[in-house]
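User: I have a structure open and would like to know what the terms used for it rest on. Can we go through them one at a time?

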Amino acid sequence: MNNSDNVRKPALIPYPWQETQWRRVERLIYADKLPHAMLFSGVDETGKLDFALALAARLLCLEPRGGHACGDCKGCKLFEAGSHPDLLMVEPAATGKAISVDTIRELITFATKTAMLNGWRIVIVNPAEAMTQSAANALLKILEEPGGATLIMMVHHQKGELLATIRSRCQTMLFPVPSRTQVDSWLQGNAGGEQIDRLLELAAGRPLAALRIAQTGMGEELQLLEQVMDSIVCNRTTPVQAAEALKALTPLDFVEYLLAWQLRDIRGKVEAGKPPERSLFQFLDQLLAAKRLAMSKANPNPQLFMEELLMGWQHARSIVSA
Ligand SMILES: [Zn+2]
């Protein structure tokens, strides 16, 4: 938790695929109906946090232009330096760690003070599902009776558990996986010559994941994954050896890729008029449960996590090909 030493890449305007959501907040701002608590919900790596930051910048800007933060005023300068006194980022100390009740108490103290600069006091909780049960309970009170110009934005990845009582006190905005057309020119411009279709396929359509794959050269890791999965089906390698070979992948990337693969497989069969085997759906259930685990605070052992899924994959395949 910090509001002074957190220098983040400035996000003054939303991504091109977030136009609908941005227009909605613009209408709320002009009608003076912006709620005090908003929940940005959707699949990870589609840019929800950057959207929250762009909205924070817009509200903290002293002279917004064309519906966005100007980038030049005192408010924008402080925002870009990561030292705006009216913006508080609430995040776990490390990825996968929890947001504690003490952190939420600091949030409440922050949110109830009057603004230093432009009227708004803004808090971004990222991700909301990282809050412990008692942290979430502590937050409920302020969500019920927030200060006059306080906005609490919560970034929430789908499937992450979140108290229904928190959810019901927030205005929810959904961020679905964008279409190919929506991300095309952005990805062309940022991924520099990489094969866009291939990147999006590897990233299951999530644009920021696609860019990350392009920038980290992770495409090679994923190609290796394809080869390894094939060797398992042909019994040339065991799930244990395969998991060892794939240790450069994070559990979440691994499960995302298998999910995309499995869904494509099932869709292909349906389109070809062949009913997909039950075992494919059972493996799909296993993958969805594994994804929840990978996104939870449980922090699973990567090797065991992958081994289990690879065994599930081997089992599903052996039934299909039998
Ligand atoms: Zn400005």
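Analyst: Start with a cut-off: a residue is buried under 20% relative accessible area, exposed over 50%, and partly exposed in between. Keep in mind that this is a predicted model.

User: Why is Leu-224 called partly exposed?

Analyst: The relative accessibility of Leu-224 is 29%. Partly exposed is the class between under 20% and over 50%, so Leu-224 counts as partly exposed.

User: Where is Leu-224, and which residues does Leu-224 touch?

Analyst: Leu-224 lies in helix 10, residues 219-233. Leaving aside residues up to four places away in sequence, Leu-224 touches Ala-245 and Leu-246. As for Arg-65, the C-alpha atoms of Leu-224 and Arg-65 are 47 Å apart, with their positions 159 residues apart in sequence.

User: How do you know that strand 3 and strand 4 pair?

Analyst: Pairing takes at least two bridges. Strand 3 (residues 121-125) and strand 4 (residues 150-157) are joined by 5 bridges and run parallel; by that cut-off of at least two, they therefore pair. Within this pair, Arg-121 stands opposite Thr-150 in strand 4.

User: What makes strand 2 and strand 5 edge strands?

Analyst: The open sheet has 5 strands in the order 2-3-4-1-5, with parallel pairing. Strand 2 (87-90) and strand 5 (171-175) each pair on one side only. From one strand to the next, the twist averages 15 degrees.

User: Which helix packs on the sheet?

Analyst: Helix 2 (residues 48-60) does, touching strand 1 (37-42), strand 2, strand 3, strand 4 and strand 5. The direction of helix 2 makes about 170 degrees with that of strand 4.

Definitions and conventions: Residues are numbered from 1 along each chain as its sequence is written. This is a predicted model: local features need pLDDT of at least 70, side-chain atom pairs count only at pLDDT 80 or more; totals for chains, interfaces and linings use all residues. Side-chain values use heavy atoms; hydrogens and water are left out. Helices (H or I, at least four residues) and strands (E, at least two) are DSSP runs, numbered from the N terminus. Axes are lines fitted to C-alpha atoms, for helices over the stretch in contact, and angles run from 0 to 180 degrees between N-to-C directions. Contact means heavy atoms within 4.5 Å. Buried means under 20% relative accessible area, exposed over 50%, partly exposed in between (1.4 Å probe, protein chains only).
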